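Reader: Could you take me through the cysteines here, slowly, and then show me what sits around them? I'd like one connected walk rather than a list.

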Amino acid sequence: MSTMRATTVSCPHCGRTNRVPVAADGRPKCGHCKQPLPWMVDAGDDDFAEVAERADVPVVVDLWATWCGPCRMVSPALEKVATDLAGRIKLVKVDVDKNPRLSQRFEVQAVPTLLILDRGETVARQAGAAPAPVLRQWVEQSITARKG
């Protein structure tokens with residue numbers, strides 16, 4: 001079994017730093033105050049299935065590139081949405097230049113391309129940057145539409 005990668009996240013409620021695995025069952029909670037933590041991780045061609053497709057929460061996939069100006073604008077907006085919706089979504093960032101198989105699989109024509117996956121199935125897709133309130137509305141509409 002591969003060694004499990006983890007990332008560190010500051011709890012938006014109490015400020016404590018927590019180690020959060022990039023792939024796990026359930027939803028990460030703060031070890032101190034037990035509130036849901038924002039789940040933001042990187043994934044690539046080799047671990048995307050484990051990190052994104054097997055998640056039991058809806059996954060917002062950010063397909064981006066280092067040279068892309070709009071990607072740099074949308075990244076903090078997505079991180080705000082992931083923090084606001086902690087416990088409800090997982091944000092997975094994929095650098096399309098380093099992960100050509102995923103770029104091809106999702107037919108990325110422009111970056112940023114945003115996807116919402118529900119158990120590995122693409123349920124929503126959007127290209128281009130947008131401010132955090134617009135992204136949050138898109139994410140919330142997409143994940144609630146699946147439940148009804």
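Author: Sure. Let's begin with the count: there is 1 disulfide in the structure. Keep in mind that this is a predicted model. The link joins Cys68 to Cys71, with the two sulfur atoms 2.4 Å apart. Since a disulfide here calls for sulfurs within 2.5 Å, that distance of 2.4 Å qualifies. The torsion about the S-S bond is 85°, and the link of Cys68 and Cys71 is right-handed. Are its two ends buried or exposed? Cys68 is buried, at a relative accessible area of 4%, and Cys71 is buried too, at 3%.

Now for the cysteines that stay out of it. Cys14 is in no disulfide; its nearest cysteine sulfur belongs to Cys30, 3.7 Å away. With a relative accessible area of 33%, Cys14 is partly exposed. Cys33 tells a similar story: the closest cysteine sulfur is in Cys11, and at 3.7 Å that is too far for a bond. Cys33 is partly exposed as well, with 26% relative accessible area.

Back to Cys71, which leads us into a helix. Cys71 is one of the buried residues of α2, alongside Val74, Ser75, Ala77, Leu78, Val81 and Ala82. Why would buried positions recur along a helix like that? An α-helix has 3.6 residues a turn, so residues three or four places apart point the same way. As for the helix itself, α2 covers residues 69-84, which is 16 residues. From first C-alpha to last, α2 reaches 24 Å, close to the 22 Å expected at 1.5 Å a residue.

What about the aromatics? Searching the whole structure turns up 1 aromatic pair. The partners are Phe48 and Phe106: their ring centres lie 5.7 Å apart and their planes meet at 65°, so this is an edge-to-face pair. Phe48 belongs to helix α1 (residues 48-53), while Phe106 is in the loop between α3 (100-105) and β6 (113-118), so the contact ties together parts 58 residues apart in sequence. Phe48 counts as buried at 2% relative accessibility, and Phe106 is buried at 7%.

Two lysines also meet rings. Lys90 lies over the face of Trp39, 4.0 Å from the ring centre. Lys93 does this with Trp64, lying over its face at 5.7 Å from the ring centre.

That loop with Phe106 runs up to β6, so let's follow the chain onward from there. β6 pairs with strand β7 (residues 121-127) in the antiparallel sense, over 6 bridges. One of the bridge partnerships matches Ile116 with Ala124 in β7. The two strands make a hairpin with 2 residues between them, and Arg119 in the turn has a positive phi of about 55°.

One stop at the other end of the chain: Thr7 is found in strand β1 (residues 6-10). Thr7 is partly exposed, at 24% relative accessible area. Its C-alpha is separated by 9.2 Å from that of Asp42, although the two are 35 residues apart along the chain.

And how confident is the predictor? The protein chain averages a pLDDT of 92, with 95% of the residues scoring at least 70. Among the elements, strand β4 (residues 59-64) has the highest mean pLDDT, 98, and helix α4 (residues 132-147) the lowest, 89.

Terms used: Residues numbered from 1 in each chain as written. Predicted model: local features only at pLDDT ≥ 70, side-chain atom pairs only at ≥ 80, totals over all residues. Heavy atoms only, no water. Phe/Tyr/Trp six-rings, centres within 6.5 Å; stacked < 30°, edge-to-face > 60°. Helix = DSSP H or I, 4+ residues; strand = E, 2+ residues; numbered from the N terminus. Buried < 20%, exposed > 50% of the residue type's maximum accessible area, 1.4 Å probe, protein only. Lys NZ or Arg CZ within 6 Å of the ring centre and 35° of its normal. pLDDT = per-residue confidence, 0-100. Expected span 1.5 Å × (residues − 1). Pairing = 2+ DSSP bridges.
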